[in-house]
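The exercises below ask the reader to locate residues, classify them and follow how helices meet. Each task is followed by a solution that goes step by step.

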Amino acid sequence: MTGVNLTAWILGPVLGLMTFLFIFRIILTWYPQANLNRLPFNLIAWPTEPFLVLLRKLVPPIGGVDITPIIWVGIFSLLREILLGQQGLLTMMARVS
């Protein structure tokens with residue numbers, strides 16, 4: 001297994017998992033009474049919160065709605081497509097080697 005294949009093998013599930021967690025985070029915003037410090041919600045909040053804190057400094061809530069999880073879903077989906085999609089950089093590099 002080459003370094004490119006190993007990177008793609010690790011990066012694919014990580015980017016997919018983060019996208020999945022941010023989608024769950026968006027769903028959790030519909031339930032403000034959910035305590036993000038208790039199980040099982042902290043399993044979603046713990047890995048996503050550092051990303052959200054960074055982006056919240058740049059993007060304020062619009063009409064009282066925090067759109068930063070939506071932006072992160074877009075970013076992770078775009079990264080996954082650019083790197084691992086059918087014409088992705090890592091996919092093309094793996095075909096060459």
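Phe 22, Phe 51, Trp 72 and Phe 76 form one aromatic cluster, and the exercises begin from this group. The model is a predicted one, in which local features need pLDDT of at least 70 and side-chain atom pairs count only at pLDDT 80 or more, while totals for chains, interfaces and linings use all residues. Residues are numbered from 1 along each chain as its sequence is written, and side-chain values use heavy atoms, with hydrogens and water left out.

**Exercise 1. Classify the pair of Phe 22 and Phe 51, and then the pair of Phe 51 and Trp 72.**

Step 1. Rings of Phe, Tyr and Trp (for Trp, its six-membered ring) pair if their centres lie within 6.5 Å, and planes under 30 degrees apart count as stacked, over 60 as edge-to-face and the rest as tilted. By this rule there are seven aromatic pairs.

Step 2. For Phe 22 and Phe 51 the centres are 6.0 Å apart and the planes make 80°, an edge-to-face pair. The pair links distant parts of the chain, since Phe 22 is in helix H1 (residues 3–28) and Phe 51 in helix H2 (residues 42–56), 29 residues apart. Helices are DSSP runs (H or I, at least four residues), numbered from the N terminus.

Step 3. The rings of Phe 51 and Trp 72 have centres 5.1 Å apart and planes at 70°, so this pair is edge-to-face. It too links distant parts of the chain, with Phe 51 in H2 and Trp 72 in helix H3 (residues 68–84), 21 residues apart.

**Exercise 2. Decide whether Phe 22, Phe 51 and Trp 72 are buried, partly exposed or exposed.**

Step 1. Buried means under 20% relative accessible area, exposed over 50%, and partly exposed in between (1.4 Å probe, protein chains only).

Step 2. Phe 22, at 0% relative accessibility, therefore counts as buried, and Trp 72 is buried with a relative accessible area of 13%.

Step 3. Phe 51, at 28% relative accessibility, counts as partly exposed.

**Exercise 3. Find the surroundings of Thr 19 and Glu 49.**

Step 1. Contact means heavy atoms within 4.5 Å.

Step 2. Thr 19 lies in helix H1 and is buried, because its relative accessibility is 12%. Not counting residues up to four places away in sequence, Thr 19 touches Val 73, Phe 76 and Ser 77.

Step 3. Glu 49 is found in helix H2 and, at 25% relative accessibility, counts as partly exposed. Leaving aside neighbours within four places in sequence, Glu 49 is in contact with Arg 25 and Arg 56. Glu 49 and Arg 25 are 24 residues apart in sequence, while their C-alpha atoms are 9.4 Å apart in space.

**Exercise 4. Describe where H1 meets helix H4 (residues 89–96).**

Step 1. Val 4, Asn 5, Thr 7, Ala 8 and Leu 11 in H1 meet Leu 90, Met 93 and Ala 94 in H4.

Step 2. By class, this contact of H1 with H4 has six nonpolar, two polar and no charged residues. Here Ala, Val, Leu, Ile, Met, Phe, Trp, Tyr, Cys and Pro count as nonpolar, Asp, Glu, Lys and Arg as charged, and the others, Gly among them, as polar.

Step 3. What covers the buried residues of H1 includes H2, H3 and H4.

Conventions: Helix = DSSP H or I, 4+ residues; strand = E, 2+ residues; numbered from the N terminus. Axes fitted to C-alpha atoms, helices over the stretch in contact; angles between N-to-C directions.
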